[in-house]
Amino acid sequence: MDIQLDPARDDLPLMANTSHILVKHYVLDLDVDFESQVIEGTIVLFLEDGNRFKKQNSSIEEACQSESNKACKFGMPELCRISVANARTFSSEMEYNDFAICSKGEKDTSDKDGNHDNQEHASGISSSKYCCDTGNHGSEDFLLVLDCCDLSVLKVEEVDVAAVPGMEKFTRSPKLTVVSEELRNQIVYELVTLPADCWREQLDYYACCSQAPGCGELLFDTDSWSLQIRKTGAQTATDFPHAIRIWYKTKPEGRSVTWTSDQSDRPCVYTVGSPINNRALFPCQEPPVAMSTWQATVRAAASFVVLMSGENSAKPTQLWEGCSSWYYYVTMPVPASTFTIAVGCWTEMKLETYSLNDLATERPFSPSEADFRHIGVCSHMEYPCRFKNASAATQEIIPYRVFAPVCLKGACQETLLRLIPPCLSAAHSVLGTHPFSRLDVLIVPANFPSLGMARPSKDKTGHTSDSGASVIKQGLNPEKIFMQVHYLKGYFLLRFLAKRLGDETYLSFLRKFVHTFHGQLILSQDFLQMLLENIPEEKRLGLSVENIYQDWLESCGIPKPLQRERSAEAECGLARQVRAEVTKWIQVNRRPRKRKRRVKEEVFEKLLPDQLVLLLEHLLEQKTLSPRTLQSLQRTYHLHDQDAEVRHRWCELIVKHKFTKAYDSVERFLQEDQAMGVYLYGELMVSEDARQQQLARRCFERTKEQMDRSSAQVVAEMLF
């Protein structure tokens, strides 16, 4: 694939001015509509200006101690006990300002919902007409810049947090007789800096404030990659409102989520690990340095299940007939890119028969029970951390749920459900305390772009401006997610380090590393530097950060240490067994079709999946394999029932040798394993065989509407 890069298309801008102001908490209140393929509602942002945040970090321990006792005595105001059914009280009062509203049965694909009718904004965000003219408001007003695209922003307003009963407890005044911008911002500051052991009260206050009335609309403008908000007269981040509400709706073509069908052909939508992360799902601060917490209320038809990356195991609340609400929250500050949502007609899978070994032996742990007397010293910003709790430290198996289409119930019962407990236990034995209190596992549809899950949030950013804005080089290049060299090198580097240092030393370091850096952003050099610092000189064997970078990062091709390791591993027992089987198959392939005398049939050994991959890779090096040999291969190893890695190599053999009897296996792979299938499309087209090219085009026509957008774009460029 030789595609010319277009810097204007392939570079991904990060526009948020995180150096000036930070989002500390998001409150989302959303409706999911499958008929129009739109998610709409409000998001309330609680902000802290950058200067105050820096000062706070320098003395965070003292501030937390002085506020802890009085903050936790705050009672929950009765008015704040808002029922979920009334959560959208303010939406009926909202004006849509020239916004083109679609009926429930239509997809909202209109770009005529504002006066951004030039090409510059064609693929970006839509805004209301009157808010786009910012020329008369002066250039000295402070501008809040948020990352977002493919959104229709309807309205932005300041939230009157002082109108919530009981909020005077966050001020020095017994009564809020005179309310100013400074007072509202002081309330927000006191709220976002509540100590960790008051996390439940804090979430309740956030919910109350998010439902408070507005106290003035804010001016906003948009371009293709950002939402810019200002208030006339607010010239600094300190003066800018610290609680704002944004009314918006997503677009069906938005790239943060995929609207598709599951394996039972029921509708579903989920976040896909897009290069643009979540900016087409909600306005946010994209740079990873913008660590924040969130809570979300999501409504959908009662037949749907809503899953999110929250800390609680949410259950549905029926609002009215045919509609349910789900509520999730996160108390650990995380980048906005980690926010995930999936809505579909899934079923929770449970073991019908089980042994004691299948179940969690530890009582489920809740942050509300946390004993925050330090078990260890944490270096991250304050939050209710599990590493400080003795019960969490001994919890080998955290509570978990498994969701899947009902058609996969048998497979989940037979395999997946029994694997999760030992996997969680193994992770705990190696890495120590689980950083999260629970786990949801979802079996996603075939179009999930599994090769693109390493999002480019910190990958080769260009110059960072004083505001915090930057650019990710080639962040939008659709081919980037299929460039696997960095993944492979990273995997083999870790294996190399483990072998060089010994498993005991290496695993002991991993546990210490996780405990030291949990809850923080880290870089590769942090990992390598700490690794070498914790290894005695005699065990380093000449390793340094510099030579690791030179051998593994800055040099192309297979690193020299790995080449030496491969030569040594060629003598291992499993590899020798595979080579013996390869020899047998080559001999079978050389036998004439018609034999004069009966020859003893070969007896083939049973191979592990990894051995099968190696076997098929060796056979791919053979110039010719007869249809008879290929058919025997398929029958001997039941290749159509193997995992995706094995079936991919098998499909490569089918394509290379034009084994027409097994073309149905290729079609199945292209439809059921779409992410890995991208490589196979290339091989079908390179073969220049008319029948294979027809097969590729036929499969693409069937699946292109369901495919991940980047995958579909790359395949289309191969085929046409």
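1. Helix α15 is a convenient place to enter the structure, and its buried residues are Q611, L612, V613, L615, L616, L619 and L620. The elements that cover these buried residues of α15 include α14 (573–590), α16 and α17. The model discussed here is a predicted one, and the points below should be read with that in mind.

2. The length of α15 can be checked against its residue count: helix α15 takes in residues 609–620, and at 1.5 Å a residue its 12 residues should span 16 Å, while the end C-alpha atoms lie 17 Å apart, which agrees.

3. Beside this part of the chain, H638 deserves a remark, since the residue lies in the loop between α16 (627–637) and α17 (644–656), and α16 and α17 are among the elements covering the buried residues of α15. The phi of H638 is near 50°, a positive value in a residue other than glycine. Is H638 buried, exposed or partly exposed? With a relative accessible area of 46%, H638 is partly exposed, because that class takes in values between 20% and 50%.

4. A second residue with a positive phi is N277, where the angle is about 55° although the residue is not a glycine. N277 is found in the loop between β11 (267–271) and β12 (292–301). The relative accessible area of N277 is 2%, and N277 therefore counts as buried, the cut-off being under 20%.

5. Helix α4, made up of residues 181–192, passes the check on length: its 12 residues should span 16 Å at 1.5 Å a residue, and the C-alpha atoms at its ends are 17 Å apart, in agreement with that expectation. As for its surroundings, α4 is mostly covered, with 11 of its 12 residues buried. The buried residues of α4 are E181, L183, R184, N185, Q186, I187, V188, Y189, E190, L191 and V192.

6. Turning to helix packing, helix α9 (residues 503–517) and helix α10 (residues 524–533) pack at an angle of about 125°, and their axes are 10 Å apart. At that angle α9 and α10 are therefore oblique to each other, and α9 passes α10 in a right-handed crossing. On the side of α9 the contact is made by Y506, F509, L510, K512, F513, T516 and F517, and on the side of α10 by D526, F527, M530 and L531. Sorted by class, the contact of α9 with α10 has eight nonpolar residues, one polar residue and two charged residues.

7. Helix α10 also packs with helix α12 (residues 545–552), here at an angle of about 130° and with the axes 10 Å apart. It follows from the angle that α10 and α12 are oblique to each other, and α10 passes α12 in a right-handed crossing. Which residues make this contact? They are S524, Q525, L528, Q529 and L532 of α10, together with V545, I548 and Y549 of α12. The residues of the contact of α10 with α12 divide into five nonpolar and three polar, with no charged residue.

8. Finally, some totals place these details within the whole: the protein chain has 21 helices and 20 strands, and of its 720 residues 52% count as buried. Among contacts in the protein chain between residues at least 6 apart in sequence, 74% join residues that are at least 24 apart.

Key:
Residues numbered from 1 in each chain as written. Predicted model: local features only at pLDDT ≥ 70, side-chain atom pairs only at ≥ 80, totals over all residues. Heavy atoms only, no water. Helix = DSSP H or I, 4+ residues; strand = E, 2+ residues; numbered from the N terminus. Expected span 1.5 Å × (residues − 1). Buried < 20%, exposed > 50% of the residue type's maximum accessible area, 1.4 Å probe, protein only. Axes fitted to C-alpha atoms, helices over the stretch in contact; angles between N-to-C directions. Parallel < 35°, antiparallel > 145°, perpendicular 65-115°, else oblique. Left-handed = near helix turned anticlockwise from the far one by under 90°. Contact = heavy atoms within 4.5 Å. Nonpolar A, V, L, I, M, F, W, Y, C, P; charged D, E, K, R; others polar.
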